[in-house]
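Me: I've got a protein model open and I'd like to get to know it bit by bit. Can we go through it as questions and answers?

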Amino acid sequence: MITLPTYPYSLNDIQARIETINQQPLESFASDKEAIRFALHCIDLTTLEGNDTTKKIEILCGNAIQYETAAVCVYPVFVKQVKLWLQNSSIKVASVAGAFPAGQSPIEIKVEEVKYAVAQGADEIDMVISRGLFLEEKYETVFEEIVAIKKACQQAHLKVILETGELIEPDLIYKASILSMQAGADFIKTSTGKIPINATPEAFLVMLDAIFQFNNEGNRTIGIKPAGGITDVNTTLLYLKLLKKTLNVNWLSNKYFRIGASRLALQLYNFIEN
């Protein structure tokens, strides 16, 4: 039986910490422009729409090369094409898979979709946990699903999406973070971007606390990816402050920090260029 730790802070505690951290200078960068340049290189440039076309995604890949983002994230059917378009760059190919965004499919189908995406050339897989099962406290089942999908990833890195906007409560977000890391996640990610509440500073800080605890216990280093709802420079700087103050400089790398965004990259690029 899986027993998960209780989160020790209230929402008021979290919000007070965010306010305090946001008032402090952003260390480790010489200027805001340098910090934003780093953030741009951490973006997973993303399109996950029903009207995605090969032309639309070819343009996205061109933008990714121009901005020097960390990855391009698409549905599995586009992975092979993205792999070809990015073949002369260091940009990773990420794919959502495993019944994204609802997660409401049998595990056998989820695993097959992940295997397909990996076979097409995905370097990274973004999966979403079964929130219904998690909310029913069927932790073993959720754990086993993540383990099965991690196995199907083979050498591809696994980002586990918690969909924090559906979990809402800090304690649930913390528990889901710990469970996902224990099951083999390489990254934990806030959101799909497909519901009204996506990444929030509060959810991000709870997840950072979970990573800090997990790492402090001598486990492997886990990355983090806020996604959805980060749309401007000031919000980006806040997330960087929370990352640096809660963890340390080891996480100031796109090996361990990503931002899921479709519109943010252009704003960051323009901020750097102006």
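Me: Which residues does D186 touch, not counting residues up to four places away in sequence?

Reply: Before that, a quick note: this is a predicted model, where local features need pLDDT of at least 70 and side-chain atom pairs count only at pLDDT 80 or more, while totals for chains, interfaces and linings use all residues. Residues are numbered from 1 along each chain as its sequence is written, and side-chain values use heavy atoms, with hydrogens and water left out. D186 sits in the loop between α9 and β6 (187-189); helices (H or I, at least four residues) and strands (E, at least two) are DSSP runs, numbered from the N terminus. Counting heavy atoms within 4.5 Å as contact, D186 touches K150, A156, H157, L158, I222 and G223.

Me: Is D186 buried or exposed?

Reply: Here's the scale: buried means under 20% relative accessible area, exposed over 50%, and partly exposed in between (1.4 Å probe, protein chains only). D186 has a relative accessible area of 18%, so D186 counts as buried.

Me: How many Å is the polar contact between the side chains of D186 and K150?

Reply: A polar contact is a pair of N or O atoms within 3.5 Å; within protein, one must be able to donate a hydrogen and the other to accept it, and residues adjacent in sequence count only if both atoms are side-chain atoms. The side chains of D186 and K150 make such a pair, at 2.7 Å.

Me: What separates the C-alpha atoms of F187 and L158?

Reply: F187 is in strand β6 and is buried, at 2% relative accessible area. Leaving aside neighbours within four places in sequence, its contacts include L158, V160, I224 and F257. F187 and L158 are 29 residues apart along the chain, yet their C-alpha atoms are separated by 6.4 Å.

Me: Which backbone oxygen lies 2.8 Å from a polar atom of the side chain of S177?

Reply: S177 is part of helix α9 (residues 170-183), and with a relative accessible area of 0% S177 is buried. Not counting residues up to four places away in sequence, S177 touches L162, I188, M207 and A210. The oxygen you're after, 2.8 Å from the side chain's polar atom, belongs to I173.

Me: How many of the 14 residues of α11 are buried?

Reply: Helix α11 covers residues 233-246 and reaches 20 Å from first C-alpha to last, close to the 20 Å expected; the expected span is 1.5 Å times one less than the number of residues. Its buried residues, among them V233, Y239, K241 and T246, pack against α1 (11-22), α2 (32-40), α10 (201-216), β7 (223-225), β8 (259-261) and α12 (264-273). The helix is largely enclosed by the rest of the structure, because the number of its 14 residues that are buried is 11.

Me: At the start of α11, which residue has a side-chain oxygen within 3.3 Å of the backbone nitrogen of N234?

Reply: Look at the beginning of helix α11 and find the backbone nitrogen of N234. The side-chain oxygen that reaches to within 3.3 Å of that nitrogen comes from D232.

Me: At what angle do α2 and α12 pack?

Reply: The contact is made by D32, K33, I36, R37, A39 and L40 of α2 and A265, L268, Y269, F271 and I272 of α12. These divide into eight nonpolar, no polar and three charged, where Ala, Val, Leu, Ile, Met, Phe, Trp, Tyr, Cys and Pro count as nonpolar, Asp, Glu, Lys and Arg as charged, and the others, Gly among them, as polar. Axes are lines fitted to C-alpha atoms, for helices over the stretch in contact, and angles run from 0 to 180 degrees between N-to-C directions. The two axes are 9 Å apart, and the angle is about 145°.

Me: Which peptide bond is cis, with omega near 0°?

Reply: Try the loop between β3 (92-96) and α5 (107-120), where P101 is found. The cis bond leads into that proline: it runs from F100 to P101.

Me: What is the phi of E137 near?

Reply: E137 is in the loop between α6 (131-135) and α7 (139-153), and is exposed, at 57% relative accessible area. E137 isn't a glycine, but its phi is positive, near 65°.
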